[in-house]
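Q: Please take a close look at one helix of this protein. I would like its length, its buried face and its cover, set against the fold as a whole.

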Amino acid sequence: MIRECIVTTRGENGDAHVAPMGVHVRDNALIIAPFRPSTTLENLLREGNACINYTDDVRVFAGCLTGRRDWPVHAADHIQGLRLAESLAHAEVEIARIDEDELRPRFHCKVVFEATHAPFRGYNRAQAAVLELAILVSRLDRLRLDKIESEIEYLKIAIEKTAGPREHQAWDWLMAKVDAHAGSASS
Ligand SMILES: Cc1cc2nc3c(=O)[nH]c(=O)nc-3n(C[C@H](O)[C@H](O)[C@H](O)COP(=O)(O)O)c2cc1C
């Protein structure tokens, strides 16, 4: 099972690095698997820890893919790290083991602290649609434009029927990137 989360790590200068990551869940163990090259990967290697943030604010996912990475953070409780200021919950993890891989190393994490900050208020289809579009945007260079466009036609239904202001904003940020890509592909 994979949970789409926001992983926050500390850079060499102490600044937060915020990145969407699919965190693999296996028998209660959490595994972060960044593709090379990646700032998250470098930070995990150097610092040996991270915060895994659970948020339903899909603007953070869309923002990170569209140059808006400056999300507010707080100091973590138990590790020398930083967590998203706004989240439903977060886990602070230390790296217990690394499965080395040329393409995608796997960082097995030990949870050392968890906290809940706000209640889960139910599923929203538009949030899922934004996540799917974010995945497409992260693969723009590898996917065919007609495939992207046909998926957007379907995902748009959930946006039109169920989105709130945050979901609309996240969708618009991502669509601007799709449109710029489509424009450069056709010129
Ligand atoms: C929902 C979602 C899940 C993602 N999961 C991963 C992942 O598991 N591994 C990865 O390397 N990138 C993943 N990405 C792409 C990264 O967020 C993006 O490439 C990011 O810039 C990571 O690289 P960085 O640490 O250098 O910033 C995901 C993106 C989205 C939108």
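A: The helix comes after a short view of the whole chain, and two local details follow it.

The model is predicted. The protein holds five helices and eight strands. Read from the N terminus, the order is β-β-β-α-β-α-β-β-β-β-α-α-α. The run thus ends in three helices, α-α-α.

Overall dimensions come next. The radius of gyration is 17 Å, which agrees with the value near 16 Å for a compact globule of 187 residues. The C-alpha trace spans about 45 × 40 × 35 Å along its principal axes. Buried residues make up 44% of the 187. Take the contacts between residues at least 6 apart in sequence: 64% of them join residues at least 24 apart.

The surface can be put in numbers too. About 10,400 Å² is exposed, and carbon and sulfur atoms supply 48% of that area. There are 23 positive and 28 negative side chains. The centres of these two sets lie 3 Å apart.

Now the helix itself. Helix α3 covers residues 125-138, which is 14 residues. From first C-alpha to last, α3 reaches 20 Å. That is close to the 20 Å expected at 1.5 Å a residue.

Next, the buried side. In α3 the buried residues are A126, Q127, A129, V130, L133, A134, L136 and V137. An α-helix has 3.6 residues a turn, so residues three or four places apart point the same way. The list can be read with that spacing in mind: A126, A129 and L133 are among the buried residues, and so are V130, A134 and V137.

What lies over this buried set? The cover of the buried residues of α3 includes α2 (59-65), α4 (145-162) and α5 (165-186).

Two sites outside the helix complete the picture. The first is V112, in strand β8 (residues 106-116). V112 counts as partly exposed because its relative accessibility is 28%, and the partly exposed class runs between 20% and 50%. Leaving aside residues up to four places away in sequence, V112 touches H78, I79, E92, V93 and E94. A91 is 21 residues from V112 in sequence, and the two C-alpha atoms are 7.6 Å apart.

The second site is a peptide bond. The bond from R36 to P37 is cis, with omega near -10 degrees. P37 sits in the loop between β3 (29-32) and α1 (39-47).

Conventions
Residues are numbered from 1 along each chain as its sequence is written. This is a predicted model: local features need pLDDT of at least 70, side-chain atom pairs count only at pLDDT 80 or more; totals for chains, interfaces and linings use all residues. Side-chain values use heavy atoms; hydrogens and water are left out. Helices (H or I, at least four residues) and strands (E, at least two) are DSSP runs, numbered from the N terminus. The radius of gyration is taken over C-alpha atoms; the globule rule is 2.2 Å times the number of residues to the power 0.38. Buried means under 20% relative accessible area, exposed over 50%, partly exposed in between (1.4 Å probe, protein chains only). Contact means heavy atoms within 4.5 Å. Accessible areas come from the Shrake-Rupley method with a 1.4 Å probe; for residues, only the protein chains shown count as cover. Lys and Arg count as positive and Asp and Glu as negative; His and the chain ends are not counted. The place of a charge is taken as NZ of Lys, CZ of Arg, CG of Asp or CD of Glu. The expected span of a helix is 1.5 Å times one less than its number of residues.
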